[in-house]
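Reader: Could you walk me through this one? I'm new to it, so plain words please.

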Amino acid sequence: MDGAQPQAADTFAETKSEASQEGSGLAQLRRAGHISDAERNSLAPVAAQFGVAVTPQMLRQIDPQNPTDPVAAQFVPSLNELKISDEELSDPIGDHQHSPVKGIIHRYPDRVLLTPVYVCPVYCRFCFRREDVGGQDALSANELEAALNYIRSNTEVWEVILSGGDPLILSPRRLNNILQSLRDIPHVKVIRIHSRVPVVSPERISDELTAVLRAANPLYVVIHTNHAQEFSSAALNACAKLADAGVPLLSQTVLLKGINDTPEKLGALMRLLVENRIKPYYLHHADRAKGTGHFRTSIEEGQALMRQMRGDYSGLCQPQYVLDIPGGAGKSPVGPQYIKREGEHWEVTDFKEDTHSYAEEHTTVK
Ligand code: SF4
């Protein structure tokens, strides 16, 4: 495509400051024909506040004839982003209050988030860290060492989750240095990487990067994807390459109004994932990030969707529907519920919404 995209392994996507200075993310969308000149001008205030970047691969996945294209809706900015409600927050899931050291978020006892990089190959219009990503590129060497020292000194940390930003935008060499430093910490048993790269920039899943991920085994890759239309044959090949290398693949999806909020759309994505050896893991209720209200469903709508999914699709295709509690209290599964106590019995609801009584046995131990 053009110079607005990250080209080399050590370069990064456009930053918010670049966007505000040059509007190059918008220029890229204009050149690709996804916005008009007038829209480019009217969207400049959006780009000044929130980074804009789309990869060539994602541009190719957009159907220009479809005014409600589910890929375009995720990456092409909208004036709706300037509508910010009182409930929307700069830090919707309370990362900052759980950050003892720059680059570390320690919310739960046995796991920490390590954010070595603050840029992504794409900027999702609903991003929950949209005010943190797209500014500074990455942790400095000293900051990274301080973050690693925090993990070294907290022996209860069993799992390290690399997030950001998108960690797979790092060059294989830099990523390998980080992963091997983590592997050298005896109490860190598991590494997890959350990334959009296998789908939005599949060309980055090189033999070298795959070998780096494989060498850090046990390492899980959680692929962020929200609609089946995001998957090109190159993306499917990238995922197969990781799976063939023995890297376990999971997925996380954000529930997005108009994009994946029907059983048919969500089910098609989940089936595609399972068919390609990617186990659906989380369905996130969309966080209250600033300017994202047009993407949010209600929790009741999310629960009804999950109830329908349970009936219509294989158990392998069921992600867990979760809410990150605003303010930083962590993630909670938010239903739907299938069982409630009725006196001495439980009342259980099946996938057709019929209810059944279930009585537990009371065994006597002699
Ligand atoms: S890839 Fe993740 S961190 Fe990056 S913009 Fe999208 S949601 Fe935000």
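**Strands, domains and a ligand**

Author: Let's start with a pair of strands. Strand 11 and strand 12 run antiparallel and are joined by four bridges. Strands here are DSSP E runs of at least two residues, helices are H or I runs of at least four, and both are numbered from the N terminus. Two strands count as paired if DSSP finds at least two bridges between them.

Reader: How many residues lie between strand 11 and strand 12 in the hairpin?
Author: Five residues. E353, in the turn, has a positive phi of about 75°. On the paired stretch, W346 stands opposite Y358 in strand 12.

Reader: What sheet do these strands form?
Author: An open sheet of three strands, in the order 10-11-12, with antiparallel pairing. Strand 10 (339-342) and strand 12 (355-358) are the edges, each pairing on one side only. From one strand to the next, the twist averages 30°. Angles run from 0 to 180 degrees between N-to-C directions, with axes as lines fitted to C-alpha atoms, for helices over the stretch in contact.

Reader: And how does strand 10 join strand 11?
Author: Through four bridges, again antiparallel. K340 has E347 in strand 11 as its bridge partner.

Reader: Wait, is this model predicted or experimental?
Author: Predicted: local features need pLDDT of at least 70, side-chain atom pairs count only at pLDDT 80 or more, and totals for chains, interfaces and linings use all residues. Residues are numbered from 1 along each chain as its sequence is written. pLDDT is the predictor's confidence in each residue, from 0 to 100. The protein averages 91, and 93% of the residues score at least 70.

Reader: Where does pLDDT stay under 50?
Author: Over residues 1-23. The model has 54 contacts for them beyond four places in sequence. A contact means C-beta atoms, placed from the backbone, within 7 Å. Where pLDDT is low, the predicted coordinates should not be read in detail.

Reader: New topic. Which domains are assigned?
Author: Domain 1 (16-82) and domain 2 (96-333), according to the domain assignment. Such bounds come from an automatic or database assignment. Their centres, taken over C-alpha atoms, are 23 Å apart.

Reader: How many residues are in contact across the two domains?
Author: 23 residues of domain 1 with 22 residues of domain 2. On the domain 1 side, helix 1 (16-22), helix 5 (56-61) and helix 6 (72-75) each give two or more residues. Helix 5 has the largest share, four residues.

Reader: What about the other sheet, in what order do its nine strands come?
Author: 1-2-3-4-5-6-7-8-9, in an open sheet with mixed pairing. Its edges are strand 1 (104-108) and strand 9 (330-333). Strand 6 (residues 249-255) and strand 7 (residues 278-285) pair in the parallel sense over seven bridges. There, Q252 stands opposite Y282 in strand 7.

Reader: Which residues surround the ligand?
Author: C120, Y123, C124, C127, R129, V133, G164, D166, R196 and H224. The cut-off is a C-beta atom, placed from the backbone, within 6 Å.

Reader: What joins G164 and G165?
Author: A cis peptide bond, with omega about 10°. G165 is in the loop between strand 3 (159-162) and helix 8 (172-183). The bond from N217 to P218 is cis too, with omega near 0°. Most peptide bonds are trans.
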